[in-house]
Amino acid sequence: IQALIDMQHKLVDALLQPESDKLRGKGLKVYPSIIGPTAHALGIPLTFHTVTDERIESSTSKCAYYEAAKQLGLADTPLCEGLCKAVSESLLKLIAPGYSKRIVKSLWRGDDECRFEITKRYRRGSRIAKDQFKRVE
């Protein structure tokens with residue numbers, strides 16, 4: 001599974017390469033305009049709840065990655081979470097270095113939706129980092 005996720009990172013990096021000069025350092029606020037249409041085309045209708053220079057919160061109640069994993073008999077494997085993060089992390093590395101996506105809720109985990117937060121990465125153990133790793137109900 002890790003090989004598939006690594007392949008997804010490489011694929012997204014390759015797809016973004018021709019546009020990299022236009023996208024580099026554009027900041028977090030451009031993320032929805034790129035990921036939103038792409039996710040929708042892949043069958044993942046995203047709703048963006050918060051979009052600021054420092055934070056994005058989004059969610060979806062339907063995920064094509066999760067549905068595909070179930071059809072392949074991989075419903076017990078967190079494949080969808082790995083693929084989802086791979087796409088976002090590749091884009092974030094380009095437009096907003098230092099930011100990371102955290103999956104707060106997940107259909108794979110049995111939640112009613114997938115909910116995501118994108119925030120600045122912090123070192124584990126720092127006072128700020130402790131809030132980054134709490135599960136939000």
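## Thr-60 in strand E2

In this predicted model, Thr-60 is buried, with a relative accessible area of 3%. That value counts as buried because the term applies to residues under 20% relative accessible area. Thr-60 belongs to strand E2, and its partner across the strand pairing is Cys-114 in E4.

The side chain of Thr-60 also reaches the backbone oxygen of Pro-45, at 2.8 Å. Leaving aside residues up to four places away in sequence, Thr-60 touches Ile-44, Pro-45, Leu-46, Glu-113, Cys-114 and Phe-116.

## The sheet

Strand E2 is part of an open sheet of four strands, arranged in the order E1-E2-E4-E3 with antiparallel pairing. E1 and E3 are the edge strands, each of them pairing on one side only. On average, neighbouring strands of the sheet are turned by 20° against each other, direction ignored. Between E2 and E4, the antiparallel pairing extends over five bridges.

Two helices pack on this sheet. Helix H3 touches E1, E2, E3 and E4, and its direction makes about 170° with that of E1. Helix H5 touches E3 and E4, and its direction makes about 155° with that of E3.

## The two sides of helix H3

Within H3, the buried residues are Tyr-31, Pro-32, Ile-35, Gly-36 and Ala-39. Viewed down the axis of H3, these buried residues fall within an arc of 110°, so they line one face of the helix. A general property of helices is relevant to this pattern. An α-helix has 3.6 residues a turn, so residues three or four places apart point the same way.

The buried residues of H3 pack against E1, E2, H5, E3 and E4. On the other side of the helix, Ser-33, Pro-37 and Ala-41 are exposed. After H3 comes Gly-43, which has a positive phi, near 85°.

## The largest nonpolar core

The largest nonpolar core contains 27 residues, and those touching the most other members are Leu-28, Tyr-31, Tyr-65 and Ile-118. Two or more residues are given to this core by each of helix H3 (31–41), helix H4 (64–71), helix H5 (79–95), strand E3 (99–105) and strand E4 (114–120). The greatest contribution is that of H5, with nine residues.

Tyr-31 thus appears in two descriptions: it is one of the buried residues of H3, and it is among the core residues that touch the most other members. Ile-118 is in contact with Leu-28, Tyr-31, Glu-54, Arg-55, Ile-56, Leu-92, Tyr-99, Ser-100 and Lys-101, when residues up to four places away in sequence are not counted.

## Arg-55 in the loop between E1 and E2

One contact of Ile-118, Arg-55, lies in the loop between strand E1 (47–51) and strand E2 (56–60). Arg-55 is partly exposed, with a relative accessible area of 26%. This value is classed as partly exposed because it lies between the limits of 20% for buried and 50% for exposed.

Beyond residues up to four places away in sequence, Arg-55 touches Leu-28, Thr-50, Glu-117, Ile-118 and Thr-119. The side chains of Arg-55 and Glu-117 are joined by a polar contact of 2.9 Å. Arg-55 and Lys-29 are 26 residues apart in sequence, while their C-alpha atoms are 8.7 Å apart in space.

Conventions:
Residues are numbered from 1 along each chain as its sequence is written. This is a predicted model: local features need pLDDT of at least 70, side-chain atom pairs count only at pLDDT 80 or more; totals for chains, interfaces and linings use all residues. Side-chain values use heavy atoms; hydrogens and water are left out. A nonpolar core is a set of buried Ala, Val, Leu, Ile, Met, Phe, Trp, Tyr and Cys residues joined through side-chain atoms within 4.5 Å. Buried means under 20% relative accessible area, exposed over 50%, partly exposed in between (1.4 Å probe, protein chains only). Contact means heavy atoms within 4.5 Å. A polar contact is a pair of N or O atoms within 3.5 Å; within protein, one must be able to donate a hydrogen and the other to accept it, and residues adjacent in sequence count only if both atoms are side-chain atoms. The arc is that of the directions from the helix axis to the C-beta atoms. Two strands pair if DSSP finds at least two bridges between them. Axes are lines fitted to C-alpha atoms, for helices over the stretch in contact, and angles run from 0 to 180 degrees between N-to-C directions.
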